[in-house]
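Work through the exercises below with the sequence and the coordinates at hand, and compare your reasoning with the solution that follows each task.

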Amino acid sequence: MTARLLNPRQQAILEFLATWEASPAAYHPPTVREVMHGAGLQSTSHVAYHLTKLVAAGYITMEQTLTRTVRLTRWGKEYGDASHHPTD
């Protein structure tokens, strides 16, 4: 899969999810509201929109009808790792 350009909000969401999954307390995925606060966004509807785009791009998986189902895919984890550990 080739990397797709992400907008700053999508980058913030992926970075938040990578941080969340790396946390020892991450025994469950975050809610949309937790993603909203963690990524610094203002609206849960905007978060839902960007999550849908990230699913389509292959960075995350989630089930639309259930809560707490957002998970990084292998591509999302690689993106999150790269954003937290830039190589110079």
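The exercises treat a predicted model, beginning with the chain as a whole and going on to its helix packing.

**Exercise 1.** Describe the secondary structure of the chain and the order of its elements.

*Solution.* The chain holds four helices and two strands. Read from the N terminus, the order of the elements is α-α-α-β-β-α.

**Exercise 2.** Characterise the burial, the surface and the contacts of the chain.

*Solution.* Of the 88 residues in the chain, 33% are buried. The accessible surface is about 5800 Å², and carbon and sulfur atoms contribute 54% of that surface. Among contacts with a separation of 6 or more, 50% join residues 24 or more positions apart.

**Exercise 3.** Classify the packing of H1 on H2 and name the residues in the contact.

*Solution.* Helix H1 (residues 8-22) packs on helix H2 (residues 32-39) at about 110°, with the axes 9 Å apart. Because angles of 65 to 115 degrees count as roughly perpendicular, H1 is roughly perpendicular to H2. H1 contributes Ala12, Ile13, Phe16, Leu17 and Trp20, while H2 contributes Glu34, Val35, Gly38 and Ala39. Sorted by class, this contact comprises seven nonpolar residues, one polar and one charged.

**Exercise 4.** Repeat the analysis for H1 and H3.

*Solution.* The axes of H1 and helix H3 (residues 44-57) come within 10 Å and cross at roughly 80°, so H1 is roughly perpendicular to H3. Arg9, Gln10, Ile13 and Leu14 of H1 meet His50, Leu51, Lys53 and Leu54 of H3. By class, the contact of H1 with H3 has four nonpolar, two polar and two charged residues.

Definitions and conventions. Residues numbered from 1 in each chain as written. Predicted model: local features only at pLDDT ≥ 70, side-chain atom pairs only at ≥ 80, totals over all residues. Heavy atoms only, no water. Buried < 20%, exposed > 50% of the residue type's maximum accessible area, 1.4 Å probe, protein only. Contact = heavy atoms within 4.5 Å. Areas by Shrake-Rupley, 256 points an atom, 1.4 Å probe, with all protein chains shown as cover. Axes fitted to C-alpha atoms, helices over the stretch in contact; angles between N-to-C directions. Parallel < 35°, antiparallel > 145°, perpendicular 65-115°, else oblique. Nonpolar A, V, L, I, M, F, W, Y, C, P; charged D, E, K, R; others polar.
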